[in-house]
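Subject: The structure for you to look at

Hi there,

Here is the structure I promised to send over. Have a look at it first, and then read on for what turned up.

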Amino acid sequence: MGTIFVDNLEPQSGTSLTLGASGDTVSLGSGGTVTNVPAFSAYNTQNQQVPNTTCTKINFVSEFYDTDSAYDTSTSRFTVPSGKAGKYFFMYNLRTEAAFEDEERFLGKLYKNGSPYEYSISELRSSKSSMN
């Protein structure tokens, strides 16, 4: 095994640089960092009324951060910046304070290019019964 000392690595052609092969582990030395961008965190600043039995878009209108200006607070939409295609992880958290009867569902959907892509369902029960 040998050690290569360099100040900069750039791809010979294109924009992709591969270190290792499938199954390999690539470790960073002490103090090493990996920049994971684009990244954003958006949130809602006020209560939003959601009618029962109606699909309603929840608007996340403010940001904690947005590294590449890829999230649009006016539309609550993230657009992958040019040249930054890849795998993305999205997470959302929704809460209700509404009164409900015996059993109701709370459905959250994530849309991709205007169509439903993923969803989660929460079962809500009254205080007379246990939480699901």
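Let me start with a question: how accessible is Phe90, and does it count as buried, partly exposed or exposed? Phe90 has a relative accessibility of 36%, which puts it in the partly exposed class. Please keep in mind throughout that this is a predicted model.

**Overall build**

The protein has six strands and zero helices, so if you read along from the N terminus the elements go β-β-β-β-β-β. Buried residues make up 9% of the 132 in the protein. Looking at contacts with a separation of 6 or more, 27% are between residues 24 or more positions apart.

**Aromatic residues**

Back to Phe90, which has company. There are six aromatic pairs in the structure, and one of them joins Phe40 and Phe90. Their ring centres are 6.3 Å apart and the planes make an angle of 55 degrees, a tilted arrangement. Phe40 belongs to strand E1 (residues 40–43), while Phe90 sits in the loop between E4 and E5, so this pair ties together parts that lie 50 residues apart in sequence. Like its partner, Phe40 is partly exposed, in its case with a relative accessible area of 24%. Both residues also belong to an aromatic cluster, together with Tyr71, Phe78 and Tyr88.

**The salt bridge**

For charged side chains, the count is one salt bridge. The partners are Lys84 and Asp68, whose closest N and O atoms are 2.6 Å apart. Lys84 is in the loop between strand E4 (77–78) and strand E5 (103–112), and Asp68 is in the loop between strand E2 (62–66) and strand E3 (71–72); the pair therefore ties together parts 16 residues apart in sequence. Neither partner is buried: Lys84 is partly exposed at 31% relative accessible area, and Asp68 is partly exposed too, at 24%.

**A pocket to look at**

One more place to visit is the second largest pocket, with a volume of about 240 Å³. Its lining is made up of Thr3, Ile4, Val6, Asp7, Asn8, Leu9 and Leu19. By type, these lining residues are four nonpolar, two polar and one charged. Asp7 is the charged one, because Asp counts as charged.

That is what I have for now. Happy to go through it together whenever suits you.

Best wishes

Note on methods
Residues are numbered from 1 along each chain as its sequence is written. This is a predicted model: local features need pLDDT of at least 70, side-chain atom pairs count only at pLDDT 80 or more; totals for chains, interfaces and linings use all residues. Side-chain values use heavy atoms; hydrogens and water are left out. On a 1 Å grid over the protein atoms alone, a cavity is a set of points where a 1.4 Å probe fits but cannot get out, and a pocket is an open set with protein on both sides within 12 Å along at least five of seven lines; lining residues have an atom within 4 Å of a point. Grid points are joined across faces, edges and corners, and a volume is the space filled by probe spheres set on the points. A salt bridge is a side-chain nitrogen of Lys or Arg within 4 Å of a carboxyl oxygen of Asp or Glu. Helices (H or I, at least four residues) and strands (E, at least two) are DSSP runs, numbered from the N terminus. Buried means under 20% relative accessible area, exposed over 50%, partly exposed in between (1.4 Å probe, protein chains only). Rings of Phe, Tyr and Trp (its six-membered ring) pair if their centres lie within 6.5 Å; planes under 30 degrees apart count as stacked, over 60 as edge-to-face and the rest as tilted. Contact means heavy atoms within 4.5 Å.
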